[in-house]
Structure formats: structure tokens, C-alpha cells
Amino acid sequence: MRGPGERKVATVFGGAGFIGRYVVQRLARRDYVVRVGTRDPAGARFLCTQGRVGQIVPLAADIRDEGAVARAVAEADLVVNLVGILFERRPGDFARLHVEAAGRVARLAAAAGVARLVHISAIGADPRSESLYARTKGEGEAAVRAAFPGATLLRPSLVFGPEDRLFNRFAALAQWLPVMPVIRGGTRFQPVYVGDVADAVAAAAEREDAAGRTFELGGPRVMTMREMLRFVLEATRRRRPLVEVPDALARLMARFGEWLPNPPLTRDQLLLLGRDNVVSEGMPGLRELGTAAPKAVEAVVPDYLARFRPGGSRRADLAAVL
């Protein structure tokens, strides 16, 4: 127990990533001392400006290292695990990070007497899935639950925000390609703003009724893949025909794409695109966590995609002044 006036301590694994930087900011505002567990503490120093001097501490803590994780969670009141990958660089990476590391964090947090654990998973997590990503996410949830039954699991849909690899990637494609390829354009998604996900983490850390529960996080609008691509073209003021990519060609593209350091599409991701990625009926979500009304794609994305417009954002700014 913390004494009067003592600040709470949170350890955030993956705190220097896209979602993590927003989570660190939210926790700092709630007066936590935040340890940012990362393999690259120097690369996480930019986070220190989001709090008072000494409040945010980058910490060398590889989530795959038993000793490093144990030291990172020692005497913490809250642990947040945001670590996840979208593709494997080496066979077995999904299992090592989504299952083994997730279970390790939960087990060592429980052993350290940590009061609350928030684990970020994904909509579609299912140990029976044919997708290795979704399967290991589901297995990771089971490992967390077994080690730390009171953990809160958060499953976001696609997450968007200024640093995302979602709308920014589509906008970059529209900038350079003469057409917009559409792969499984009818699949539905429920994009959720990164700040809303961070608010959900902070709420889950402090609400007693969130312990031991699973929440699915989605934004206010469900969009098909085709609709998202059209939206990007409108936001960037680009005229590109949408061209449907047959499944056979998509599989061939994915197979060859896997040889690239940062593949635009993998065969496993193609499997994921075969299923809708929306909040399940009856599942609690942002509203039940008591967060503010979720931000819509239309309210956020056009601002950070302005740089992809013909002439860039400077021309758009000049037009607004004139």
C-alpha cells in the first residue's frame, strides 16, 4: 500500500510505440510515476517531456527476458502490456511475443503483488483462428487470465491517429500509385482513435468494475475496406480509380511481399481480412468504461492526411486563409 502523498507507479511495456505514447501521457496526467519498459531506452526519451522531471522513466526491459520483466514490475501498482506485432520477422515471433511474453508479464506481475494489469489484445483474438496472429492473440489472453485472473483485457479494432500505419499508409499509396488496389473490399472495420484507446487503458486501470473483464473498443462508425480507401482519397483530394484485386492475385502478392523487411501484406494478414473486425454484439466497450464519446474518423484523420494532398498541407493552409 502507498502511504499518504506517495505517487502510484505504473510500468508500461511497449510505451514508446504508437498507442504507448498516448497511454504514458494519460497515466502521467493521473500522477503516476511511469516506467516505460523498452528494449531501447534512448529511443523512448522523447516521452519524458510528457510529464514532470523524473516522472517518466525509460527502462531497459526486454519483455522476453525474465529478469528484466521482474525488475520492471517490482513495486508497481499498475502494469500495462501493449506489446504486439503485425507480422513475423522470424518464425515463432507471434508465439514468443503474443503468448509467452504476455504470460510472463502476467505471471511476474502477480508474483510482485501488482494490483492491476491491463493487457491489450485485438478484436478477433481466438485460439481457434486459422490466422496465426489472431490465434496467438487468443492464446495470449488465456495465458494472461491463467496467471492474473483479475487482468483487464482490451480488444481494439484498427487504431488510427497521426502516427498510424493505417490511413497514412493508404494515403502514401494514393500519392504514388495510379490506381488504388482493393483487397477484400467488403470486410468491415470499426476504426478507433488512439486517444480513446489510451483513455480506455487509464479507465481500466482505476475502475474496480473493470477487473477481470474483457472490453472491445471500436469507434462510432463501421467502414468497409472499400469505404476507408474512398475516404482517404477524399481526404487527400486524389482521384484514383478503385481496382478490385482477385483473391488469387492477392495471395501471390502476399507471398512475395513477405520477403520485404516491412511487408505491405502477408498471407496471415490476408486471412484476417477475410473476417469483419467490429465490436461483437453485447460486448462492453468504451461506454461501459466511462470514457468520453469516441472520436470519429472524419473529425481527426483529414488533418493529419493534409500533407498527402497535391501541394501538401501548406497549400491547404493558404487556401483556408484566403
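# A tour of three helix pairs and their loops

Asp31, at 32% relative accessibility, counts as partly exposed. Select this residue to begin; the model is a predicted one. Asp31 sits in the loop between α1 and β2 (33-38). Its phi is positive, about 70°, although Asp31 is not a glycine.

Step back along the chain to α1, the helix that Asp31 follows. Colour Ile19, Gly20, Tyr22, Val23, Val24, Arg26, Leu27 and Ala28, which are the buried residues of α1.

**α1 and α6**

Now show residues 18-29 (α1) together with residues 194-206 (α6). At what angle do α1 and α6 pack? The angle is about 50°, and the axes are 8 Å apart. The two helices are therefore oblique to each other, as angles between 35 and 65 degrees fall outside both the roughly parallel and the roughly perpendicular range. Viewed as a crossing, α1 with α6 is right-handed. On the α1 side, display Phe18, Ile19, Tyr22, Val23, Arg26 and Leu27. On the α6 side, the contact is made by Val194, Gly195, Val197, Ala198, Asp199, Val201 and Ala202. Sorted by class, the residues of this contact are 10 nonpolar, 1 polar and 2 charged. Ile19, Tyr22, Val23, Arg26 and Leu27 belong to the contact with α6 and are also among the buried residues of α1.

**α2 and α3**

Next, select residues 66-73 for α2 and residues 93-111 for α3. Their axes come within 9 Å and cross at roughly 45°, and α2 and α3 are therefore oblique to each other. This crossing, too, is to be checked for hand: α2 passes α3 in a right-handed crossing. From α2, pick Glu66, Val69, Ala70 and Val73; these meet Arg104, Val105, Arg107, Leu108 and Ala109 in α3. The contact of α2 with α3 holds 6 nonpolar, no polar and 3 charged residues.

Past α2, stop at Glu75, in the loop between α2 and β4 (78-81). Is Glu75 buried or exposed? Glu75 is exposed, with a relative accessible area of 62%. Its phi is positive, about 65°, although Glu75 is not a glycine.

**α3 and α4**

Keep α3 on screen and add residues 132-147, which form α4. The axes of α3 and α4 come within 8 Å and cross at roughly 15°. These two helices are therefore roughly parallel to each other, and their crossing is right-handed. In α3, select Phe94, Ala95, His98, Val99, Ala102, Gly103, Ala106, Arg107 and Ala110. Their partners in α4 are Leu132, Tyr133, Thr136, Lys137, Glu139, Gly140, Ala143, Val144 and Ala147. By class, this contact has 11 nonpolar, 4 polar and 3 charged residues. Arg107 of α3 appears in the contact with α4 and in the contact with α2.

**Glu6 and the low-confidence stretch**

From Ala102 in α3, draw a distance to Glu6: the two are 96 residues apart in sequence and 29 Å apart in space, C-alpha to C-alpha. Glu6 lies in the segment before β1 (9-13). Glu6 is partly exposed, with a relative accessible area of 48%.

Finally, colour the model by pLDDT. The average for the protein is 94, and 95% of the residues score at least 70. Over residues 318-322 the pLDDT is below 50, and this stretch has 0 contacts in the model beyond near neighbours in sequence. Where pLDDT is low, the predicted coordinates should not be read in detail.

Methods:
Residues are numbered from 1 along each chain as its sequence is written. This is a predicted model: local features need pLDDT of at least 70, side-chain atom pairs count only at pLDDT 80 or more; totals for chains, interfaces and linings use all residues. Side-chain values use heavy atoms; hydrogens and water are left out. Axes are lines fitted to C-alpha atoms, for helices over the stretch in contact, and angles run from 0 to 180 degrees between N-to-C directions. Helices (H or I, at least four residues) and strands (E, at least two) are DSSP runs, numbered from the N terminus. Angles under 35 degrees count as roughly parallel, over 145 as roughly antiparallel, 65 to 115 as roughly perpendicular and the rest as oblique. A crossing is left-handed if the near helix is turned anticlockwise from the far one by less than a right angle, and right-handed if clockwise. Contact means heavy atoms within 4.5 Å. Ala, Val, Leu, Ile, Met, Phe, Trp, Tyr, Cys and Pro count as nonpolar, Asp, Glu, Lys and Arg as charged, and the others, Gly among them, as polar. Buried means under 20% relative accessible area, exposed over 50%, partly exposed in between (1.4 Å probe, protein chains only). pLDDT is the predictor's confidence in each residue, from 0 to 100.
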